[in-house]
Structures are given as C-alpha cells and as structure tokens.
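Thanks for making time this morning. I would like to walk through a few local features of one model, beginning at its surface and then turning to the backbone.

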Amino acid sequence: MRAVRWHGRRDVRYETAVPDAPDPGPGEVRVAVAWCGLCGSDVAEYAAGPLLIPVGRAHPVTGRHAPLVLGHEIAGHVTDAGPGVTGLPPGTLVALNALIPCGRCARCAAGDDHLCPDFGHLGMSADGGLAERVTVPAAMAVAAPPGLDPEVAALAEPFAVAWHLVRRVTRGAGDGSRCLVVGAGAIGLATALVLRERGHEVTVVDVADERLRVAAGLGLRVGAEAEAVAVAGEGGEGADAALECSGSADGFALSCRAVRPGGVVGLAGLPARPVPFDVTDAAHRELTLVGSMSHQAEADLAPALGFLAAHAETARRLVTARVPLRRAVADGLDVLGGPRRGAHTKILIDAGGTA
C-alpha cells in the first residue's frame, strides 16, 4: 500500500510498496484512512527526531521500531473487524485515539491510561495514519455522529486535546470566566471555540498575523488591543484562566503574567526545552498550574466528535490546506517546518485519494 514512513531525521519517504495493514486480530479493526492531520510532533520528529520514535530497539508496549508510518490525527472508515468486536460494522466512520497504553500499570488500572508511563502512540511507536489503511485495537476507534464529514472528523484529535484542557482548567469555574488562549494554532483555536461554547469570555493571542486572521474569522477576540486588555485585565486584575497552547517560553511567561491573583494557568503547549519560571511570583499570587496531557477516548474524544458535528462548518475553517498523500513531505512537513508555518492552522493529508 501507499504510505509515508519515517526512516530517520530529515528522511521521511512516500512509498508505494509498504506492507498492507495486517488483518485484524481479536479485538481489532482495520480502518481505511480518509484524512490524517499533521501536527507539531510530526514536524519535530521529521526535523529533529528521533524524539519518541524508537530506533534500533523495540518499544516496550508496541514491539515496533523505525521505520514507521507517521500520523496520528486519523479519521477513516472501518473495513473489517476481528473476532469479538461489536458496534463497529464495516463502513462506520471513526476517529482514532492514538494512545496505546500498557494496560498493566497503576495509572492504567485507575482509568488514567493517558498517563501510562510506557504508552505507545500511533505514528510514533506504531504505524499511523499517513497510509491507506491502519489496523488498531477496536477500543481506539470512536464512532463519529451520523452525517459528519470525514474531513471534519479528522479534527477530532486536536479538539479532544482542547476538550481535555478546558475540562481540567475550568473545573468549578462559572460561565463568564475571563479566559486567555495563548497560541492560535489548531489546539489553541479549538480550545477557544470550546470555551466560547461553554459561555466563557475568550481572548486569543498569537505572534502570527495569519493565524490571528483565522481566529478573527471565527468571531474570536484577537489582536494587540485584546492582548493588552488580557494582560492588564479589564478590572485591573487579569484573566481568570490562561490556557497556554503555543509551546513557547514567551507564551508561558505571558500566561503567568496575564492571570489574576488566584488564577489558573493551563499547560497544553510543549516547549522544545525547559523554560524559566518565577516561583516566587507564582507563590505570592497563589497561581495554580494545571498540566493537560493529550486526552481520553470516552471523556474527551467522543464529546469532541459531538462538538464537531454541531459546529462542522466553523471547525472546517481551521483547515488551511488539503494535500495528497504523495505530497505530504513537500507540501506538508516541509511547509510546517519552514518560514511559512504561521500561515497554517491545520494541514490535512488526503490518505484516501488516489493522487
């Protein structure tokens, strides 16, 4: 089959004779991939890896190592299922939860499998979605609401990450809380849309004008004036919560400055290296830092799909390019790793087409 595989740093290849996704075994399904989104972790593995991709050694959960098919933001249709699988008949549109937990550790036993210390990951330690087909445990496949476009369903993973972040940061917060979203990439905009749906006041900031234009087109409050308001606070105090989605040191610093005393800083962005943090200021102002790690299938991915079904046309505006599988490197990874990366919110790869 056709697939895009990681062989090494700056060595990602479009190949036409990759072994097909295996027949599904007990508790597994095979999925014909329709669309697969590219994200920052894909670009990082391409440009600076191996970071999470195992090389020369088998991953402890998946047993796999490079070369591996990239891609984890996957939507497609079930083609066949192994013994014991129910509720996912052929033709079902699904989005995939990319995490593969060990199933044995204390975190998995507690139901927090997204915090498994040894988890594997589609597109990192198992073959992912930049391919025509992929075989996965059926528990990773969440059925989309009827009528949802596969292109929109491919946004489910970033929206699930946003759903998880909002769920953690606004726990106990009432409607109308003032929230600052730092970073107008796919995660940041998804976060802002979910916050707005839940009745919070939202401001979005970013350093890329192109991304801010996308945010403004979604009816979100953006721009230099909005940033000043967010940092100073309309009442002089600051935001009730800042949700850091940029993964930059400056974004983290702004988030900490922008919240009021007693405020919450949610951390979803992943900096490439450690960033400075003023512990004294955080202690004096009693800031709460809340980490947010990926998402969970039932608690986050399923409601994210429901959100997408209810707001499909709005969510579709996050897609800034659609690229055939054979051009995934040149028109996808190279673009997102280059000087024009700020022009894109989400690039989707058409894995189901023939081009």
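**Surface patch and backbone**

Phe277, Val279 and Leu289 together make a nonpolar surface patch of about 250 Å², where a patch consists of residues with over 30% relative accessible area and no salt bridge (a side-chain nitrogen of Lys or Arg within 4 Å of a carboxyl oxygen of Asp or Glu), with nonpolar side chains (Val, Leu, Ile, Met, Phe, Trp, Tyr) joined within 5 Å and like charges within 9 Å. Accessible areas come from the Shrake-Rupley method with a 1.4 Å probe, and for residues only the protein chains shown count as cover.

Please keep in mind that this is a predicted model, in which local features need pLDDT of at least 70, side-chain atom pairs count only at pLDDT 80 or more, and totals for chains, interfaces and linings use all residues. Residues are numbered from 1 along each chain as its sequence is written, and side-chain values use heavy atoms, leaving out hydrogens and water.

Val279 belongs to helix α9, residues 279–284, helices being DSSP runs of H or I of at least four residues and strands runs of E of at least two, numbered from the N terminus. With a relative accessible area of 54%, Val279 is exposed, a term that means over 50%, against under 20% for buried and partly exposed in between.

Glu286, in the loop between α9 and β16 (288–291), is also exposed, at 60%, and has a positive phi of about 50°. Arg10, in the loop between β1 (3–8) and β2 (11–15), has a positive phi near 60°.

Finally, cis peptide bonds join Gly49 to Pro50 and Ala66 to Pro67, each with omega about 5°. Pro50 lies in the loop between α1 (40–48) and β4 (68–69), as does Pro67.

Definitions and conventions
Buried means under 20% relative accessible area, exposed over 50%, partly exposed in between (1.4 Å probe, protein chains only).
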